[in-house]
Structure formats: structure tokens, C-alpha cells
Amino acid sequence: MPANRPPKAKTTSDSPSDSQGVSDTARVARIDRKTKETAIQIRMDLDGTGQYHVETGIPFFDHMLESFARHGLFDLDVRAKGDIEVDLHHTVEDVGISLGEAFREALGSAVGIRRFGSCLLPMAESKVEVAVDVSNRPYLVYQLDLENDRIGNFDASLTEDFMYAFSQSAGLDLHIEKRYGKSPHHCVEAAFKGVARALRDAVAIDPRESGLPTVKGAL
Ligand SMILES: [Mn+2]
């Protein structure tokens, strides 16, 4: 494991310790979240290879989270059981909250990260721009401009609910803007892939960065 990995605040059960017994540097977190509406378990490794297992009961949402893992090079395991017979909103929003919590916990101290990331992501006729600051000052600018189009049984408008929940709990200043595009499937998928690619860059360790990338002293 590279010596310049940031130290992690919390140890996790599946993180190896080194031979001196010094605490690990793995950027991994597990989240287990239960409410009356949803039960969600997530394991996230920021330094993965893009392997995933996703089961939310919502096929298109699974497809988006799988793309997010693959293109972010995150290892991601998501098991969600929600009251999707009522509506998909609770499950999508709570997965967003839990994924953000996993991201934040896995990130640990954030020492040495690049912090900023952006991506201009084309998908067929659509193009979406994403910019992110891993600032711990959450904000979402969402301009995907989709009507309440259906994608399978998924309403395109749920994308904003997910991105809002995720950005708030992950502590991201997240900007998502559609440059152009027609297919709601392509626009939403470009947004998920763009967020993944931007985050992959933002959480990468910069070998020239020796501390927290801020002049404020804290992220
Ligand atoms: Mn697709």
C-alpha cells in the first residue's frame, strides 16, 4: 500500500494492520441504516477496482449505482430493502444518504486528496458536465432539466433526490449540468458516470500534497 495514503480516523473490521500493529490506512466504510421505510447496508472502498454488487429492488437505479462504482473505481456493495410498493422515493433518497455517509467515513481525514474533480461526459446524443469540491460544505447545483420522464419504473426526477441526499451527507459541493441531450436514460446515466469520474479524481491522493488541501486548516 502506498506510503502516502492518508491516515483514516476509524478502523474497520476488514482493514489489515501492518506488521507493527499501527492502524490501517484503508479508505473503507460500512454503513447499516434502518428506518420504518428502508433497511440499507453499504460497504464502500474508495481505492477499489470498480467491483460491485447492487440490489435495491429498482433495476434502473441498480444500473446507475453499478455504473457509479465501475467508473469511480470504487468497490461498492449496496443492499437496500425499501417500501417500493408505496413509491421509489424513500429507497432512492435513503440510499443517497447512506452512500454519502459511507463516502464520508471512508474518506477519513481527507489528508492528501486532490479535492476537486470535474468531468464532461458524453453518452450518445447527450452531454453532461459535473464539477465537485470535496469540501465538507455541502451544496447541490442541479440543472439536468428533465421532465418527470419514466426510465423503466424509475422517474427521472428521482435523480435530483438522490444527488441532493448524497451530496449533503457526503459533504460535497456538487454541480451537475446538462449541456444537451434528449434521452432521459442517457442524460441520467451521463450524470451518474460524470459524478463517478469527477469523484474518482477528487479523492485521488496527490503525491505532491502533504496535508489537507485548504488554507483554512480544516475540510
Ligand atoms: Mn444504460
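Which residue follows α2, and what is the sign of its phi? The residue that follows α2 is G108, and its phi is positive, near 65°. The structure described here is a predicted model, in which local features need pLDDT of at least 70 and side-chain atom pairs count only at pLDDT 80 or more, whereas totals for chains, interfaces and linings use all residues. Residues are numbered from 1 along each chain as its sequence is written. Helices (H or I, at least four residues) and strands (E, at least two) are DSSP runs, numbered from the N terminus.

Strands of a sheet pair through backbone hydrogen bonds, either parallel or antiparallel. Here two strands are said to pair if DSSP finds at least two bridges between them. One open sheet is formed by four strands in the order β1-β2-β4-β3, and its pairing is mixed. Because β1 and β3 stand at the edges, each with a single partner strand, one side of each is left without a neighbour in the sheet. From one strand to the next, the twist averages 5°, where angles run from 0 to 180 degrees between N-to-C directions and axes are lines fitted to C-alpha atoms, for helices over the stretch in contact. Strand β1 (residues 28–34) and strand β2 (residues 38–45) run antiparallel and are joined by seven bridges, and the hairpin that leads from β1 to β2 passes through three residues. Within this pair, V28 has D45 in β2 as its bridge partner. On the other hand, D45 has D75 in β4 as its bridge partner, and β2 and β4 pair in the antiparallel sense over eight bridges. The helix α2 packs on this sheet, touching β1, β2 and β4, and its direction makes about 35° with that of β2; contact between two residues requires that their C-beta atoms, placed from the backbone, lie within 7 Å.

Helix α1 (residues 59–72) has 14 residues and reaches 20 Å from its first C-alpha to its last, close to the 20 Å expected at 1.5 Å a residue; the expected span of a helix is 1.5 Å times one less than its number of residues. This helix, α1, lies across β3 and β4 and runs at about 160° to β3. Its buried residues are F60, F61, M64, L65, S67, F68, A69, H71 and G72, a residue being buried if 20 or more other C-beta atoms lie within 10 Å of its own, exposed if 12 or fewer, and partly exposed in between, with C-beta atoms placed from the backbone. The elements that cover these buried residues of α1 include β3 (52–55), β4 (75–82), α2 (89–107), β8 (150–151), β9 (154–155) and α4. After α1 comes L73, in the loop between α1 and β4, whose phi near 55° is a positive value in a residue other than glycine. L73 is partly exposed, with 19 other C-beta atoms within 10 Å.

For α2, the 19 residues should span 27 Å at 1.5 Å a residue, and its end C-alpha atoms are 27 Å apart, which agrees. Of these 19 residues 15 are buried, so α2 is largely enclosed by the rest of the structure. The helices α2 and α3 pack at an angle of about 30°, with their axes 7 Å apart. That angle makes α2 roughly parallel to α3, since angles under 35 degrees count as roughly parallel, over 145 as roughly antiparallel, 65 to 115 as roughly perpendicular and the rest as oblique. Residues of α2 that meet α3 include V92, G96, L99 and F103, and those of α3 that meet α2 include L158, F162 and A165.

A further open sheet of four strands has the order β5-β6-β10-β7, again with mixed pairing. Because β5 (116–123) and β7 (139–143) stand at the edges, each with a single partner strand, one side of each is left without a neighbour in the sheet. The twist in this case averages 10° from one strand to the next. Strand β7 pairs with strand β10 (residues 173–180) in the parallel sense over five bridges, and V141 has H175 in β10 as its bridge partner. By contrast, β6 and β10 run antiparallel and are joined by seven bridges. Helix α3 (residues 158–170) lies across β7 and β10, running at about 160° to β7, while helix α4 (residues 184–202) lies across β5, β6 (126–133) and β10, running at about 150° to β5. In the loop between β5 and β6 lies A124, which has a positive phi of about 50° although it is not a glycine.
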